[in-house]
Amino acid sequence: RLESIEHALHESEQEPQLPTALLRREVWRSLFFSLHGSQPHSRLVRLGLSSLASAGDAAAAAALGEGASALVERVVGEAVAERLAGGRGAGERLLALGTADEASAAHAAVVLGGLVSAALRSDGDPAVSPELLAMLQHARAELAAAATARGLDVHRWELLASGVPAHSPFMACCLSILKSDSLSPADVASLHTLVSRCDDDELETAVSVLRSPSLLRPLLGPFFGARARGARKPDVPQGETRDALLNILAMVSSGQRKTGKSDGAWELSRKAIAEASIVCMHAPLGDLLAYAPLLFHTAADAAAGVGLVLWAHAGLTSMHVGGGASLDVDVATLHLAVLMECAGQHPALTRQACAVLAACLPLETAESEDSLAGATLKRKLLDCTLELLVRGCVAPAMEALHAFVGNATDRSLIRHVALRLVALVTLPCSEDFAREMMRLLSLTRMREAVSAAAAAQRQTVSDAVRQLSGAHPQLAEASAWFATVEAR
């Protein structure tokens with residue numbers, strides 16, 4: 001049968017296409033690899049393996065003789081470039097590539113780890129913007145989480161790519177933290193001893209490694225983690241463990257050692273982290289508003305800013321169904337204000353802040369809560385998402401808004417999105433952005449909400465769409481339905 005197919009392929013004038021989705025099923029994938037062992041020169045077999053390789057299968061690429069590293073570097077590079085340009089689906093393609101098998105996960109982790117490490121050491125290179133670094137770190141964290149969920153160990157490869165020696169005590173300590181996703185007193189003591197003994201070059205490597213989200217999150221968790229979830233207070237480090245952890249975080253944040261001066265960078269970072277954590281973990285919820293100036297001030301520190309984002313996420317989540325805390329709009333507003341302040345102070349945190357908002361938007365408040373208060377909180381979440389969109393976090397914010405509008409039942413909130421969006425966006429804007437905006441405004445639930453709006457609101461949206469399609473004539477067909485809205 002294989003010979004007859006080979007003959008048909010030889011006679012064909014066109015290069016046939018094999019369905020990649022079918023080939024990626026384990027039974028067909030295994031068959032092609034088995035056939036390759038006995039028929040390595042078969043055109044059909046090589047065609048199947050080529051289709052798998054193009055989809056990011058490193059083992060298939062290796063079987064064909066194409067270096068797996070080269071393949072992954074090329075595909076990762078394309079996905080990164082697409083993501084920078086706001087391309088839809090680039091993140092999903094990267095995850096599919098990096099979780100296909102052990103080899104793909106390892107190579108993708110090495111490539112992304114190397115890119116992040118290089119970006120962190122770029123010494124102010126204008127080509128490496130905070131947004132680029134944030135995107136790379138976010139992609140690496142997503143890949144690590146997805147690979148871990150599939151039972152693929154990528155942490156060791158990430159650390160190797162960042163310059164950590166393979167069998168060093170620092171590697172062992174980091175792996176212990178990463179694999180448990182928590183922090184034991186023994187890990188803190190060991191890590192503190194190791195970083196205290198680093199020379200200057202080793203310190204630079206340690207700082208860049210500990211700044212990765214997968215390690216920074218468990219380091220900050222004991223000080224900023226889950227206090228507001230309502231179940232129980234987490235185990236906050238005490239005594240020597242607390243001091244050692246604060247020392248580590250001060251070094252990670254400032255990139256410097258202890259100077260002994262009250263205005264030294266290390267000392268200022270340690271003070272900011274300590275003050276912010278005391279408020280977040282111990283201040284009664286009813287007294288939080290009094291501490292707002294202190295929280296805004298400490299948000300300027302890099303590590304404290306990341307910790308406050310974690311705190312804001314935990315607090316906002318706790319005020320929804322299953323969170324264990326009652327809804328307080330004033331307290332929720334403070335959490336949102338702190339979240340936006342962190343994103344404003346640290347552009348690298350903008351995507352993380354948008355991820356917090358995207359995670360909270362679908363959540364619902366308990367039926368026992370004031371429905372008006374719940375709607376008010378939802379409106380504030382939408383306003384913050386739109387604000388991040390205007391600040392340049394376009395693709396994640398648009399994804400969050402699409403998901404919300406596509407599932408929302410409250411037409412007043414959907415209209416709020418439309419009216420705020422057309423008020424915030426000014427021309428000129430790129431064609432890609434205009435297309436995404438038109439796609440959002442053309443969703444079925446959006447059309448229904450705008451069609452049922454008051455005449456003045458319909459006119460506002462219709463005028464904005466007319467201007468948008470005027471600046472981008474290729475979108476005229478997509479905007480045609482707004483003419484019927486305006487005519488009502």
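How many helices and how many strands does the protein chain have? The count comes to 27 helices and zero strands. Keep in mind that this is a predicted model.

Let's start with the chain as a whole. There are 488 residues in the protein chain, and buried ones make up 46% of them. Take the contacts between residues at least 6 apart in sequence: 67% of these join residues at least 24 apart.

Now for the inside. In soluble globular proteins, nonpolar side chains tend to be buried together. Here, the largest nonpolar core holds 108 residues, and the members touching the most others are Leu210 and Leu308. Pick Leu210 and look around: leaving aside residues up to four places away in sequence, Leu210 touches Phe170, Leu191, Val195, Leu215, Leu216, Leu219, Ile248, Met251 and Val252. There's also a second core, separate from that one, with 10 residues, among them Leu112, Ala119, Ala139 and Leu143.

Next, the outside. The protein chain exposes about 22900 Å², with 54% of that supplied by carbon and sulfur atoms. One spot to click on is a nonpolar surface patch of about 230 Å², made by Val110, Trp157 and Leu160. Val110 sits in helix 8, which covers residues 102-120. Why does Val110 count as partly exposed? Its relative accessible area is 33%, and partly exposed is the label for anything between the under 20% of buried residues and the over 50% of exposed ones. That 33% also fits the patch, because patch residues need over 30% relative accessible area.

Definitions and conventions:
Residues numbered from 1 in each chain as written. Predicted model: local features only at pLDDT ≥ 70, side-chain atom pairs only at ≥ 80, totals over all residues. Heavy atoms only, no water. Core = buried A, V, L, I, M, F, W, Y, C linked by side-chain atoms within 4.5 Å. Buried < 20%, exposed > 50% of the residue type's maximum accessible area, 1.4 Å probe, protein only. Contact = heavy atoms within 4.5 Å. Helix = DSSP H or I, 4+ residues; strand = E, 2+ residues; numbered from the N terminus. Areas by Shrake-Rupley, 256 points an atom, 1.4 Å probe, with all protein chains shown as cover. Patch = residues over 30% accessible without salt bridge, like charges linked within 9 Å, V, L, I, M, F, W, Y side chains within 5 Å. Salt bridge = Lys/Arg side-chain N within 4 Å of Asp/Glu carboxyl O.
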